[in-house]
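This report goes through one protein model, from the whole chain down to single residues. Please keep the sequence and the structure at hand while reading.

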Amino acid sequence: MKYYNNILETIGNTPLVKINKLTKDVKATVLAKVETTNPGNSVKDRMAVKMVEDAEEKGWIKPGGTIIEGTSGNTGMGLALAAIAKGYKLICVLADKQSKEKMDILRAVGAEVVVCPTAVEPEDPRSYYSVSKRLAEETPNSWYVNQYDNLANRQAHYEQTGPEIWEQTEGKITHFIVGVGTGGTISGVGKYLKEQNPNVKIWGVDTYGSVFKKYHETGIFDENEIYPYITEGIGEDILPKNVDFDIIDHFTKVTDKDAAVYTRRLAREEGIFVGNSAGAAIKGVLQMQDELTEDDVVVVLFHDHGSRYVGKMFNDDWMRERGFLEEEKKTALDLIESHANLPLVSLMSEELISHAVSKMRDFKISQIPVMKDGEFVGLVDDKTLFELLIDNPNIVDDPISTVMKDPLPVVEASANIDQISKLINRETPAVLVKLENGKYNIITRYDIIDAIA
Ligand SMILES: Cc1ncc(COP(=O)(O)O)c(C=O)c1O
């Protein structure tokens, strides 16, 4: 029989999956280490178990003890699995800005969730920091994990994630790129890979609003770099002990919008349903692509599963409210939808003005393209006819060619509403659309107003 003794044994050996469409312009081979197949759906299972085992070895926690950590998501889930398998209690201290779903998920796996107000100073006894500290002091046989400074975090990646990547790429990896939060992943994997081959480049993905990139480049901890941002899991306003800045060759910063947009693109274009920091990481690869050659093998690590973000990056309203959604612009085809099946009303240049007037009346239209030898050669419109007929009603028997204006511009069916609107003005009341079947249709000012209003 082939089975695991408990759920913790299923952690690791995650797949390496080639990215195809999103990286089609990147010369290197780009492989994603997809960590969602861990039982807690994130890479954090690895370090959560390692930190607990390390605490057991060091005697920080004894059988039946209580694990305490301030975490909203992935680390909490990993700790919960470890706590269940090893017989500990788990208390997760969360700020009230975290979603109810996140709290419910932690409760589902047996954690006690303590919620603290977000809008208080760190020194306030109700704050997340004060409450975690107090709980750790008051609860007998308890252990405060502190994933930021607990170096068992990066050790887990040095022992597991790094060797897996080295073996899976048969030592051909040239670049490792990943989002940086506590720093555990990049530092542990980076150390292992550089020990195997010092030429492997280690690139960190940072956010705007985080201190990492500037600190790495200048050694300055600049508080001006700190401001609120949306991207989850990466970037910090502190320097966690787990970040080994010497291992990291370069940081690239990715915007909140790009991280969100690329998270969605990974799901839709690669079928890889992963979290927000994965979107940032793959965008980081694209930002660095000029540094890559055909011989390079890039591994980008995707931390967690997309299901944790269905109410956020995968929700159109959430994206729209933040201006992150690239609205699909209406095209010429959309604009002619209401009259696409009607033939284009036109006149021959040798027809009389009286014919133009009766066609306008019959079809209730105010402009008609004029044709000669199968080409558009002009336009008659009600405004011009009105002015001319007021002056001289006898012109009704003159040919249209004597009064027509320049022909209307022609656009392709794929032209978008912005391009079309720019062509329509006081002199040009409409544009013609060339359809795939070789026929033409017309877009008037009213079609545009109709599409916008
Ligand atoms: C979703 C997600 N992405 C990225 C990270 C960053 O990983 P690390 O803390 O190992 O730097 C984390 C953890 O903090 C995370 O939960």
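The sections below cover the overall form, one helix, a group of aromatic rings, and several single residues.

## Overall form

The model is predicted, not experimental. The protein contains 15 helices and 16 strands. Its radius of gyration is 32 Å, whereas the globule rule gives 22 Å for 453 residues, so the protein is more spread out than a compact globule. The C-alpha trace spans about 110 × 55 × 50 Å along the principal axes.

Of the 453 residues, 50% are buried. The accessible surface is about 22,700 Å², and carbon and sulfur atoms account for 49% of that area. Taking contacts between residues at least 6 apart in sequence, 67% join residues at least 24 apart.

## Helix α5

Helix α5 covers residues 152–168, which is 17 residues. From first to last C-alpha, α5 reaches 24 Å, close to the 24 Å expected at 1.5 Å a residue. The helix nevertheless has a bend of about 35 degrees, located at Y158.

Which residues of α5 are buried? They are A152, N153, A156, H157, T161, G162, P163, E164, I165 and W166. The cover over these buried residues comes from both strands and helices, including β2 (29–34), α1 (44–57), β7 (175–179), α6 (184–196) and β10 (297–302).

## D54 and the α1 side

D54 is found in helix α1, one of the elements that cover the buried residues of α5. With a relative accessible area of 12%, D54 is itself buried, because the cut-off is under 20%. Leaving out neighbours within four places in sequence, D54 is in contact with W60, N150 and A152. Of these contacts, A152 belongs to the buried set of α5.

## Two positive phi angles

Just after α5 comes E170, with a positive phi of about 50 degrees. E170 sits in the loop between α5 and β7 and is a residue other than glycine. Is E170 buried or exposed? At 61% relative accessibility, E170 counts as exposed.

D373 also has a positive phi, near 50 degrees, and is likewise a residue other than glycine. The loop that holds D373 lies between β12 (367–372) and β13 (375–381). D373 has 71% relative accessibility and therefore counts as exposed.

## Aromatic rings

There are eight aromatic pairs in the protein. One of them is the stacked pair of F212 and F251, with ring centres 5.9 Å apart and 20 degrees between the planes. F212 lies in helix α7 (residues 212–218) and F251 in strand β9 (residues 250–254), so the pair ties together parts that are 39 residues apart in sequence.

Both F212 and F251 are buried. The two rings also belong to a cluster, in which ring pairs link F212, Y215, F245 and F251.

## T207 in strand β8

T207 lies in strand β8 (residues 201–207). How accessible is T207, and is the residue buried or exposed? Its relative accessibility is 0%, so T207 counts as buried.

Not counting residues up to four places away in sequence, T207 touches Y229, T231, I234, G235, K253 and V254. K253 and V254 fall within the range of strand β9 (residues 250–254), the strand that also holds F251.

## K329 and its surroundings

K329 is in the loop between α10 (316–321) and α11 (332–335). At 47% relative accessibility, K329 counts as partly exposed. Apart from residues up to four places away in sequence, K329 touches D334, N416 and D418. D334 falls within the range of α11 (332–335).

How far apart are K329 and A48, in sequence and in space? The two are 281 residues apart in sequence and 46 Å apart in space, C-alpha to C-alpha. A48 falls within the range of α1 (44–57), the helix in which D54 is found.

Terms used
Residues numbered from 1 in each chain as written. Predicted model: local features only at pLDDT ≥ 70, side-chain atom pairs only at ≥ 80, totals over all residues. Heavy atoms only, no water. Helix = DSSP H or I, 4+ residues; strand = E, 2+ residues; numbered from the N terminus. Expected span 1.5 Å × (residues − 1). Bend = angle between axes of the 7 residues up to and from the residue. Buried < 20%, exposed > 50% of the residue type's maximum accessible area, 1.4 Å probe, protein only. Contact = heavy atoms within 4.5 Å. Rg over C-alpha atoms; globule rule 2.2 N^0.38 Å. Areas by Shrake-Rupley, 256 points an atom, 1.4 Å probe, with all protein chains shown as cover. Phe/Tyr/Trp six-rings, centres within 6.5 Å; stacked < 30°, edge-to-face > 60°.
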